[in-house]
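Q: Please give me a close look at one part of this model, the pairing of its strands and whatever packs against them. I would like the cut-offs spelled out as you go.

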Amino acid sequence: MTRWVISLGALAGIVLAFRRWDHVNTTTVALALLLLILVLAAEWGLRYALVCSVLATACYNFFFLPPIGTFTVADPQNWLTLFAFLATSVIASRLSHRARSEAQQARARQHELEVLFRLSRELLRTENVGDLLHSVPSTIASIVGSRGCAVYLLEGARLFQAGYDHTKEVERPHFQQLAETLPGAHTEGSEIQVPLRTGVRPRGLILITGAVLSTQAAEAIGDLVSVTIDRVQALEKVARNEAAKESERLRNLIIDSITHELRTPLTSIKGSATALLTGDLNDEGRRELLTIIDEESDRLDKLVSEAVEVAQLDTQQVHLTFLRVGLAALVERTRGTCSWVENDHDLRVVVPPDLAIKGDPNFLQKVVCNLLENAAKYSAAGSPITVTGEQKDRTVHLSVADHGVGIDADEQHLIFERFYRARNHGDRISGTGMGLAISRAIVEAHGGELSVLSQPGQGSVFTCAFPAGEEKGRTD
Ligand code: ADP
């Protein structure tokens, strides 16, 4: 209404202003009226401009073309002027209106493109289906500027929503039918309904309330969400497969290690028993052989318990229980389990008390124990062994350094392979060549890396690099 009053008022104003002016040039009047019509078409649309064109033509004729004060036109040339004025104002109005609506459309399209771009960026950030589905409604609502958004999935009849105060729950029964039958994006009142599909099969529904979106943009949002769900599901599947492979590898390593270790005590027991049966031994010799049998059967018993544990792991896969593990406490506990290392060597521990990682304390203890025993085995008695812990940026390092025999450069990467033993140590020092392979598998299952720096004759430093997380929660 206001726009009509202003438009007609402006027209009347121009006519009155020129009427008061003596000897006014009719061309000036026509141009002034035309200018008003163009402004109206560009700013408020075609309706105002067309009505004003007709009224302006009538006023122009009545007030400015002789005979003035009548609608009669005396000079035939003035008919032409009048017609030219009307035609120009109508055509100009249409052109200016078209330019205005095209500019509006271009702005709307640009806005929708920006919306789709921002949405795709937001959706790409998530790599977990649960998080994705919970965050999608609020992400869409905030990016398209809607009052509320709901995502309904046919699989499990799940509903995720943002901005509705859960009022959509009551409509849930209606969603399944809608998701299965809706052919494309559809606007119902202030609500845009978008079908979600996997290929051609219906997958669910998106509802967006209180936003202005073209059908294409709404359907593009549906496709984007559907593709993102597929992508995240595929990522999760890959991660699950990788975890399963990692567990499988770890389990195989442990089985190999145990089979290998079973041979050593069995050989000793067999040898001692044969000597007892066949040999002519005095009491002391017999006692010595019986002690060997006793100790080795204890070792066998331990190995068999481990084999049973592995058999259980075999059916259920290796399961790591992740807790907050304080490294100083871990090293302290490990010292207790392999105390012979300390008896033979000068063990120094430099680990800050608050340094911690997320991991399975039992598996980590196996790694530290193996590194400490190796450091002791492959260095001269009495030489120092240093355990150091430190955090560098987002990585926590735990190193075991010795001043032992060291490892040749060409063998440094091979010692992590199963059963590999360095050429120089193989015969002199007992071992299975399994410890480092198991340790590396455990460290990698924690998302870390086990590496070595070594110089023959000088010593070796084995370092476990673990990702530093936010170690909240239960401490081991
Ligand atoms: P094992 O010690 O039972 O032979 P490991 O897998 O623990 O098996 O180690 C593999 C090989 O790596 C060892 O045989 C040894 O040659 C070499 N090695 C491991 N730790 C050290 C070390 N601290 N210093 C020198 N050589 C080492």
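A: Let's start with one bridge: glutamine 391 has valine 396, in S10, as its bridge partner. This is a predicted model, in which local features need pLDDT of at least 70 and side-chain atom pairs count only at pLDDT 80 or more, while totals for chains, interfaces and linings use all residues. Residues are numbered from 1 along each chain as its sequence is written, and side-chain values use heavy atoms, with hydrogens and water left out.

That bridge belongs to the antiparallel pairing of strand S9 (residues 384-392) with strand S10 (residues 395-402), which spans 8 bridges. Two strands are said to pair if DSSP finds at least two bridges between them. Strands (E, at least two residues) and helices (H or I, at least four) are DSSP runs, numbered from the N terminus.

Stepping back, S9 and S10 sit in an open sheet of 5 strands with mixed pairing, in the order S7-S9-S10-S12-S11. Its edges are strand S7 (346-350) and strand S11 (449-455), each pairing on one side only. Neighbouring strands here are turned by 15° against each other on average, direction ignored.

Helix H11 (residues 361-377) lies across S7, S9, S10, S11 and strand S12 (459-467), and runs at about 30° to S10. Such angles lie between N-to-C directions and run from 0 to 180 degrees, with axes fitted as lines to C-alpha atoms, for helices over the stretch in contact; contact means heavy atoms within 4.5 Å.

For context, here is another sheet. It is open and antiparallel, with 5 strands in the order S2-S1-S5-S4-S3. Strand S2 (158-162) and strand S3 (186-188) form its edges, and the twist averages 20° from one strand to the next. Within this sheet, strand S4 (residues 191-198) and strand S5 (residues 201-209) run antiparallel, joined by 8 bridges; arginine 197 stands opposite proline 202 in S5.

Helix H5 (residues 129-144) lies across strand S1 (148-153), S2 and S5, at about 35° to S2. Helix H6 (residues 172-181) also packs on the sheet, where it touches S1, S2, S4 and S5, and its direction makes about 120° with that of S5.

The loop between S2 and H6 holds glutamate 169. This glutamate 169 is partly exposed, with a relative accessible area of 35%, where buried means under 20%, exposed over 50%, and partly exposed in between (1.4 Å probe, protein chains only). Beyond its neighbours within four places in sequence, glutamate 169 is in contact with Leu159 and Gln161. The C-alpha atoms of glutamate 169 and leucine 159 are separated by 7.8 Å, at 10 residues apart along the chain.
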